[in-house]
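The exercises below are to be worked with the sequence and the coordinates open side by side. Each one sets a task and then follows a solution step by step.

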Protein chains: 4
Amino acid sequence: MSDVKKVVLAYSGGLDTSVIVKWLQETYNCEVVTFTADIGQGEEVEPARTKAQALGVKEIYIEDLREEFVRDYVYPMFRANTVYEGEYLLGTSIARPLIAKRLIEIANETGADAISHGATGKGNDQVRFELGGYALKPGVKVIAPWREWDLTSREKLMAYCEEHNIPVDFANKKKKSPYSMDANLLHISYEGGILEDPWAEAEDDMWRWSVSPEAAPDQATYVELTFDKGDIVAIDGEPLKAHEVLEKLNKMGGDNGIGRLDIVENRYVGMKSRGCYETPGGTIMLRAHRAIESLTLDREEAHLKDQLMPKYAEVIYNGYWWSPERRMLQAAIDETQKNVAGVVRMKLYKGNAIVVGRKSDESLFDESIATFEDDAGAYNQKDAEGFIKLNALRLRIAAGKGRKQS
Amino acid sequence: MSDVKKVVLAYSGGLDTSVIVKWLQETYNCEVVTFTADIGQGEEVEPARTKAQALGVKEIYIEDLREEFVRDYVYPMFRANTVYEGEYLLGTSIARPLIAKRLIEIANETGADAISHGATGKGNDQVRFELGGYALKPGVKVIAPWREWDLTSREKLMAYCEEHNIPVDFANKKKKSPYSMDANLLHISYEGGILEDPWAEAEDDMWRWSVSPEAAPDQATYVELTFDKGDIVAIDGEPLKAHEVLEKLNKMGGDNGIGRLDIVENRYVGMKSRGCYETPGGTIMLRAHRAIESLTLDREEAHLKDQLMPKYAEVIYNGYWWSPERRMLQAAIDETQKNVAGVVRMKLYKGNAIVVGRKSDESLFDESIATFEDDAGAYNQKDAEGFIKLNALRLRIAAGKGRKQS
Amino acid sequence: MSDVKKVVLAYSGGLDTSVIVKWLQETYNCEVVTFTADIGQGEEVEPARTKAQALGVKEIYIEDLREEFVRDYVYPMFRANTVYEGEYLLGTSIARPLIAKRLIEIANETGADAISHGATGKGNDQVRFELGGYALKPGVKVIAPWREWDLTSREKLMAYCEEHNIPVDFANKKKKSPYSMDANLLHISYEGGILEDPWAEAEDDMWRWSVSPEAAPDQATYVELTFDKGDIVAIDGEPLKAHEVLEKLNKMGGDNGIGRLDIVENRYVGMKSRGCYETPGGTIMLRAHRAIESLTLDREEAHLKDQLMPKYAEVIYNGYWWSPERRMLQAAIDETQKNVAGVVRMKLYKGNAIVVGRKSDESLFDESIATFEDDAGAYNQKDAEGFIKLNALRLRIAAGKGRKQS
Amino acid sequence: MSDVKKVVLAYSGGLDTSVIVKWLQETYNCEVVTFTADIGQGEEVEPARTKAQALGVKEIYIEDLREEFVRDYVYPMFRANTVYEGEYLLGTSIARPLIAKRLIEIANETGADAISHGATGKGNDQVRFELGGYALKPGVKVIAPWREWDLTSREKLMAYCEEHNIPVDFANKKKKSPYSMDANLLHISYEGGILEDPWAEAEDDMWRWSVSPEAAPDQATYVELTFDKGDIVAIDGEPLKAHEVLEKLNKMGGDNGIGRLDIVENRYVGMKSRGCYETPGGTIMLRAHRAIESLTLDREEAHLKDQLMPKYAEVIYNGYWWSPERRMLQAAIDETQKNVAGVVRMKLYKGNAIVVGRKSDESLFDESIATFEDDAGAYNQKDAEGFIKLNALRLRIAAGKGRKQS
């Protein structure tokens, strides 16, 4: 093919990426370095070592990136109340920049000239991996086997395994899910299978991280979330690291049937696709973050954040985390979070994450002004007349000159 | 005071606006025309006639505006998926432009030179009424008694009633709610009382339109909503008028504990306030509308809508319905809704309004392309390489020239 | 290659596209239909007929599209005051959608299954032609010879001509310009040659449509432009068709050294390029349009237009004229132009296009309010106090609570 | 009136603010502190001392703020290429926040409880002074004499002077200009007089800072401007302080007839007004800044800046410099300026400020890729096919499903 000498592969330890190891060795006649990360997907990563060794891999990277993932990627994203197309919390999108960054760093460490991944040619993930790779190491060669090979069916993959002595237990260990799934500390996603019909309701046994609202407890759970600089730093008064926060909220949310989502979304490559997501902790975080901002943000910065958010979400969804425009937006967002601190009290109940109270030393809520009772002159109602009169002036002039207003 | 001859008052028939009738007559020595509208607030409007007559009013307007309200105000607003500050469905805001328009039309019909309303000098509603009034009749005189008089406490109001023989049954008919409330077909709102402490949880007996999620049925309700040009035109296959749709969805939502909201919001006059809202039907509509758009809107128009929405919400919240900027935004929004048609299937269960399916003759979802199975060449995965390479080009050039990317 | 039967080629009659005719016939063994349009590039189009015939073309389309070009593309774009990256008036970009549309219409008329163009693989024009083609005829085959063939140098092209008996007078007729140029009624552009060094000043003899400011007359020229619905409909009181307006303004602007531009721009394919442009009429139109809008547009719609404009410019520059997002933006823009009517008086002098006066029956300028003299109560200065007080309220509350403001 | 003890007045030394000194002393029976600043208005500030003393003022502040003004206000604003309503360079707007800040600082130093200014109740400046004042000292009392007193004509003012022994030479020193003017290092502005008719051309003898293009030299002047972090740090290789840069560019621009502007603008208080401006140095800076950005900014950050700019301009024009939203926008803007460095070469000639070259060590212009010549494989033209195909996918799907595209 080309003159690749060494390639770093994002290796899950599963069947597909194991085939890719072998296929890279054969096709490119190159050395393969595997990189396996724990980003909270809920599966052991250590077994990937033995599997990689069995495939003849000499340089094996296995890492726990959970804290870095939540602290440096999930948290900054949530500061913007980021939602793609009104619904999607970007659980898959936000994990890719970290993987891309580590692939490149490992390539630099091991002297590799290429990186590779197991994402298909139809999806967003190839874009996210590769944009990150090119942005961080412009001369890197990217190998995307799914865009190159002819192993386009399950049968061909299995035949390839047999032919190349790739241990069969990979495939048989558990019944293959009918869904294409992806998981990390922020969410688990499901695509394909019956979901390809947008009218078909998802089967109840598809969902893995949450009980159904119906199966959730009949008693509500209350929780208090403490924020500092826009990030959750404690739950019910207990200080926690970023990834511990998300793990705990995932448990609480999942137990209460919170965070299921079923949508049709627009991929960057130009097609619509249907996906189901479970984001229990993220769903709670988003609501809580908006609540603490409602007390502590100025109106105009809050509105400006809301106007920028869809663009910021698009940037992340499309794979441009490592870009000047993301840094520019992040600078604006982070500037607003300096005083986003305080406590939000939430009620979790059968699918609902309900804000029931919020308080903050940085609160801009002024009870003495807002009150319906006597405000002792804190607010002069007569000011409103001039306020309205001048805000109406352009409309009055236009109407006075006969301009139609309705 | 000034030389007002006749004033049209937005008259609810309640204590406050009854006092205003008398106060206007006395203070301005002018004739008062009352205008009372049924916009779905859930109270009879006809009794307002007798009350107005008792106060000596000769021109009394009582109107059923429910269909006009939903068709010409609520529906256009929902086409934009409008949400203020990430949470609020603008239930109060959207009713004001219609009231303002009718006040002005009645002023024109009756030869009145002024309009009046019962909104206080601290809130948004005075702004909405008056901006609308000025935009539609630039020379109109606006009288806002709460900004002028000294009846600043309940006691003074009651004393005024006694002094002026305003029938006492107004006040005694039912125990005065501790909350300031507003209702129409889209929502009911609560402010004041213990809600003035943002940390205090709303009392369960405050809510009037919905049962609590806990009290909702243990069996989910499924419903199919049919859209045409972005609006719901049928429920479970039955064609309905706009206001019938909202009435029915309010019932279904309220029965299933859907649509309660508890927020701190930023008022246009510059203060934060805490409000609780019940918007059962609107909550269902918003989700369903996003779902039908997810199938039928192009990606880029959908994203542009999302970027414009916060501005559009601000325009409505701040009272600028009757403005060139609202018409401009509406033109853009309505242009996108021509093909927003189809059916959304929803599951309503204990506070949750869940989309479980969507279908449309106008669907842009292409199963033959999106499939994880063999697509028979509908999509060429090799195209993705060039797509990514050129999208990465600016990032690669920058990195190649040593520009820092992280 | 593939099974193309008939292809419609955007044919200029020049050397490159003449080679393409032959190359298509040979490579695809298909019939070629030529399409040559007068969009004001300033060269005769009729000679293209003989040349095409000489190349064996049977179906030859030669059309005068000047009026359609200005009326349906240039004018709508100028309603938005469209400028790309602060400087570029999009002269090339705006001509492509019309060419794409005619290519597809001719393909439909002649039963062709493919279209072809002479744009290279590095530029924006390939994108604009092809996005338009795909949007209007999704199954069309696009042939872009410059991305396929190996005639990558002038020498190879000349050799190909000789080998295939392509009349040599094509090449020799005039000394080949060192620049890559494109022209239509809106502008002429120059790229390549010494311009590839952004530090190098363009040579004075490069410019073709305008005299230098130094060479322009020492006497200023005054002109009055009449607008209706945002478009210029008369010059100095003489009603003119759209393309006549632009022709006349090009003459007046060019004579006065107006409309030269020298910039570095960001191409959609990811690279920066340096281009020089002459847009004499467009430069005058832009200034005049802003001037008539300054009298007739409401402030908020004007500001919203300014916020949307960069996106609208990007949509056109990137080739998405035929897209839902462009139509959505156009709907918003056109909604604002209903009352953009009146006369702008301009002074043209040695490179300067200066607005010196503007008047309109639709003017929203209110002299009785704006005056520095006694306004007889038209404006109540005391209103300003309340206006400022409430606009400051959020800032005062924040500062009062110790929030840092500087 | 109220219980003001000491007030800090923005004092120019002219007639109007001298009257204000006396009027404040009389009306409020309070002590007056005067503050006079040199911000480059081109008049001596020291004479204000004697005048203030003559009026009985004990605490007199006279300061040279030219460097602070340009470095901390003008330069940050120009980093955003800020233009209000497509034309206005915000010369008046940007000086107000600095004055407001010093008024408050002096109030804090002198124990004053109020500030005062000489701006009228119709304009933007009152808003800018007062918003700044309230944001920086929320409890401050603001006295705006023009909104309070009855000295509403020149005659009344003169009578007041006579009555109160305000030295007459104030008024007689020079013939009163028919225009309301404001000047600082960035610009000089003219309003009122015959300018109140938007159709009337400004008289040639009105302009003070620039010669007319006609009167400018027949030889062009070339100048090289060196940028660092988005700011000009040297002219023709000579390092200069910020205010020296602007002084020098004002001279060069004014000598060459550059920077005159005649517009109708929308004031924040709701009316349109006509203003003429001379901004010689700013006009050159804006063009030069865009030129250096064209080489050194990434495309997407550049486009995002362009989209945010109108909002940023509005924030400054409306007087919200000291606000969270301005800081948020500034954070985004400044993030992009880290690599905006290099040299721009400009030609100044009879009203034209023309960019003729730009170079930078931080350039992202890649000649090896952009070239029309053989690029030795730096760019693979075949990538463009996939790029276009996938960008067209959503359009092709829509068209394939019969969705109308034109």
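**Exercise 1.** Find the bridge partner of C:A183 in β7(C), and then place the two strands in their sheet.

*Solution.* In this predicted model, C:A183 has C:I188 as its bridge partner in β7(C). Widening the view from that pair, one finds that β6(C) and strand β7 (residues 188-191) of chain C run antiparallel and are joined by four bridges. The two strands belong to an open sheet of four strands with antiparallel pairing, whose order in chain C is β6-β7-β12-β11. At its edges lie β6 (180-183) and β11 (260-266) of chain C, each of which pairs on one side only. Neighbouring strands of this sheet are, on average and with direction ignored, turned by 25° against each other.

**Exercise 2.** Determine which residues are the bridge partners of A:L225 in β13(A) and in β9(A).

*Solution.* Begin with β13(A), where A:L225 is partnered by A:V344; the strands concerned, β8 (residues 221-228) and β13 (residues 342-349) of chain A, run antiparallel and are joined by seven bridges. Turning to β9(A), the partner of A:L225 is A:I235, and here β8(A) pairs with strand β9 (residues 231-235) of chain A over four bridges, again in the antiparallel sense. The hairpin of β8(A) and β9(A) has two residues between the strands, and in this hairpin A:K229 takes a positive phi near 50°.

**Exercise 3.** Describe the contact between chain A and chain B, starting from its extent and proceeding to its salt bridges.

*Solution.* As a first step, count the residues: chain A contributes 102 and chain B contributes 102. The area buried between the two chains is about 9500 Å², with carbon and sulfur atoms giving 55% of that area.

Next, consider the charged pairs, of which the count between chain A and chain B is 12 salt bridges, while a search over all chains of the whole structure finds 145. One that links chains A and B is formed by A:E87 and B:R287, with 3.0 Å from N to O. Because A:E87 lies in the loop between α3 (66-78) and α4 (96-110) of chain A, and B:R287 in helix α10 (residues 280-296) of chain B, this pair joins two chains. Another is formed by B:E325 and A:R394, whose closest N and O atoms are 2.7 Å apart.

Finally, examine the side of chain A that touches chain B, to which helix α14 (residues 383-400) of chain A gives the largest share, 12 residues. The residues on this side comprise 42 nonpolar, 22 polar and 38 charged.

Technical notes:
Residues numbered from 1 in each chain as written. Chains lettered and ligands numbered in written order. Predicted model: local features only at pLDDT ≥ 70, side-chain atom pairs only at ≥ 80, totals over all residues. Heavy atoms only, no water. Contact = heavy atoms within 4.5 Å. Buried area = accessible area lost by both parts, 1.4 Å probe. Salt bridge = Lys/Arg side-chain N within 4 Å of Asp/Glu carboxyl O. Nonpolar A, V, L, I, M, F, W, Y, C, P; charged D, E, K, R; others polar. Pairing = 2+ DSSP bridges. Axes fitted to C-alpha atoms, helices over the stretch in contact; angles between N-to-C directions.
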